[in-house]
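Here are my notes on the model you asked me to look over. They are set out as numbered points, each of which can be checked against the coordinates.

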Amino acid sequence: MEGIIPTLILLLIINCLSINQDSGVINFGEVQSYKKGDFMSAPGWKEYATLEKDTLINGILFKKGTEVDYDGSGKNRLSSGTLAKDQKIGGATYAANTSVAFYESGKLMWGILQKNTNIKGIKLKGLGYFFENGKIKSGTLAEDITIDNKNLIKNTQFSIDENGKLKNIIMPKEQIIQNIKLPAKTIVYFYETGEVHELTFQEDTNLNGIWFKGGYPTIEVPDQIITARYPVKFYKSGKILEGISAKNQIVQGQKIEKEKKIIFDEDEKILSIE
C-alpha cells in the first residue's frame, strides 16, 4: 500500500554451515552470508544454508534445495524458509512450495495459506501477514465482512492495527465509500477515527469535476529507485483537502497547470495552488 525503497545487497562468500536432519541444530562448515541495509537503517547480517534434503527444523519440514535464513545473531534463529509440504503452523495450514517467515520469538510473521481460512474471525485467502501475538496484520478477504464498522467485500486487500482498526484497503472493484464513488484498485487510507484520509488512484480520476493525478511514478536517486504516489487528501468531514492536478484545467475560475498541487479549505474553496 506505501512507497517501496529497495534494499542494497552486498554478497560476500565465507565459510559456512549445514543443518542436522533430526535436531535442526546448525553445524558450521561452509557458510555464505550477505550484508544488507539501506540509507535509513543500520546494516544487519544474515546467514543462510542450502538444504541437501527435506529438513525438519523447529517442527516444520523445509524443502530440499531451498535456502533457509538465519538472523546471524549467534542464536541460530530461523528467519524464513520454503515448506516441503502443506503444514499447519499456528492453527492454520500453509501451502507446500511457498515461503514462510518468523519473528525472533519464533511466531509466524507471514505465510501463504493452503486454502481459505478463518483466522480470529476473518476469513483470509493467499498471503497473510500477522502481528507477533497472532492477530492479522494484513491480507486479502475470502468473503464479505464488516471490519471496523466498514462493509468490505470479497477480494479486498486490507491492513489493520493490533486493535482491529482499518489502516488502508485496496478495492477490488468500483465502490462507494464515504459517499465517494471510487474506481477499482483505489487505495483508501483511513484516519485513526475511521474517516477517509487519503485516496491513491491507479490512473487520473475526476472527483467533483476536478481531474486529480493517479498512478505510481518512479523516482531515481543515487543507488535507489523509489516508488512514489499521488494522494488526494481529505478532511475528516469528507471534503477534499488537497490533490495534484492531472492536466491543465480551470477550477473555480482559476487556471491550474498540470501537476500543480491544489489546496482547499473545508468548504472546498481553493486556498492555494503550489
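**Notes on the core, the rings, a pocket and selected residues**

1. The largest nonpolar core has 47 residues, and among these the ones that touch the most other members are Phe 62, Tyr 94 and Phe 158. Strand E15 supplies the largest share of this core, namely 3 residues. Please keep in mind throughout that this is a predicted model, and that every value quoted below is computed from it.

2. On aromatic contacts, the structure holds 1 aromatic pair. Its members are Trp 110 and Tyr 129, whose ring centres lie 6.3 Å apart and whose planes make an angle of 45°, so that the pair is classed as tilted. The pair links distant parts of the chain, since Trp 110 belongs to strand E13 (residues 108-112) and Tyr 129 to strand E15 (residues 122-130), with the two positions 19 residues apart in numbering. How accessible are the two partners, Trp 110 and Tyr 129? Trp 110 is partly exposed at 23% relative accessibility, and Tyr 129 is also partly exposed, at a relative accessible area of 33%.

3. Two lysines are placed over the faces of aromatic rings, and both can be checked directly in the viewer. Lys 150 lies over the face of Phe 190, at 4.9 Å from the ring centre, while Lys 236 lies over the face of Tyr 191, where the corresponding distance to the ring centre is 5.3 Å.

4. The second largest pocket holds about 270 Å³ of space. Strand E11 (92-94) and strand E14 (117-119) are the elements that give two or more residues to its lining. The lining comprises 15 residues, and those nearest the centre of the pocket are Ile 89, Gly 90, Leu 108, Phe 130 and Gly 134. Sorted by class, the lining of this pocket has 7 nonpolar residues, 5 polar residues and 3 charged residues.

5. Phe 130, named above as one of the residues nearest the centre of that pocket, is found in strand E15. Is Phe 130 buried or exposed? Phe 130 has a relative accessibility of 4%, and it therefore counts as buried. The C-alpha atom of Phe 130 is separated by 9.5 Å from that of Glu 162, although the two residues are 32 positions apart along the chain.

6. Two backbone positions deserve a look in any check of the torsion angles. Most residues other than glycine have a negative phi. Asp 148, however, has a positive phi, near 55°, and is not a glycine; its place is in the loop between strand E17 (145-147) and strand E18 (150-152). Asn 208 likewise is not a glycine and has a positive phi of about 55°, and this residue is found in the loop between strand E25 (205-207) and strand E26 (210-212). As for accessibility, Asp 148 counts as buried, because its value of 18% is under the 20% limit, whereas Asn 208 is exposed, with a relative accessible area of 60%.

7. Two buried valines can be taken together, each with a partner that is distant in numbering. Val 68, in strand E8 (residues 67-70), is buried with a relative accessible area of 0%, and its C-alpha atom is separated by 7.4 Å from that of Thr 82, which is 14 residues away along the chain. Val 196, in strand E24 (residues 196-200), is buried with a relative accessible area of 1%, and its C-alpha atom is separated by 9.7 Å from that of Lys 239, a residue 43 positions away along the chain.

8. Which residue is 14 residues from Lys 260 in sequence and 5.7 Å from it in space, C-alpha to C-alpha? The partner is Glu 274. Lys 260 itself lies in the loop between strand E32 (254-256) and strand E33 (261-264), and it is partly exposed, with a relative accessible area of 33%.

Conventions. Residues numbered from 1 in each chain as written. Predicted model: local features only at pLDDT ≥ 70, side-chain atom pairs only at ≥ 80, totals over all residues. Heavy atoms only, no water. Phe/Tyr/Trp six-rings, centres within 6.5 Å; stacked < 30°, edge-to-face > 60°. Helix = DSSP H or I, 4+ residues; strand = E, 2+ residues; numbered from the N terminus. Buried < 20%, exposed > 50% of the residue type's maximum accessible area, 1.4 Å probe, protein only. Lys NZ or Arg CZ within 6 Å of the ring centre and 35° of its normal. Core = buried A, V, L, I, M, F, W, Y, C linked by side-chain atoms within 4.5 Å. 1 Å grid on protein atoms, 1.4 Å probe; cavity = no way out; pocket = protein on both sides within 12 Å on 5 of 7 lines; lining within 4 Å. Points joined across faces, edges and corners; volume = space filled by probe spheres on them. Nonpolar A, V, L, I, M, F, W, Y, C, P; charged D, E, K, R; others polar.
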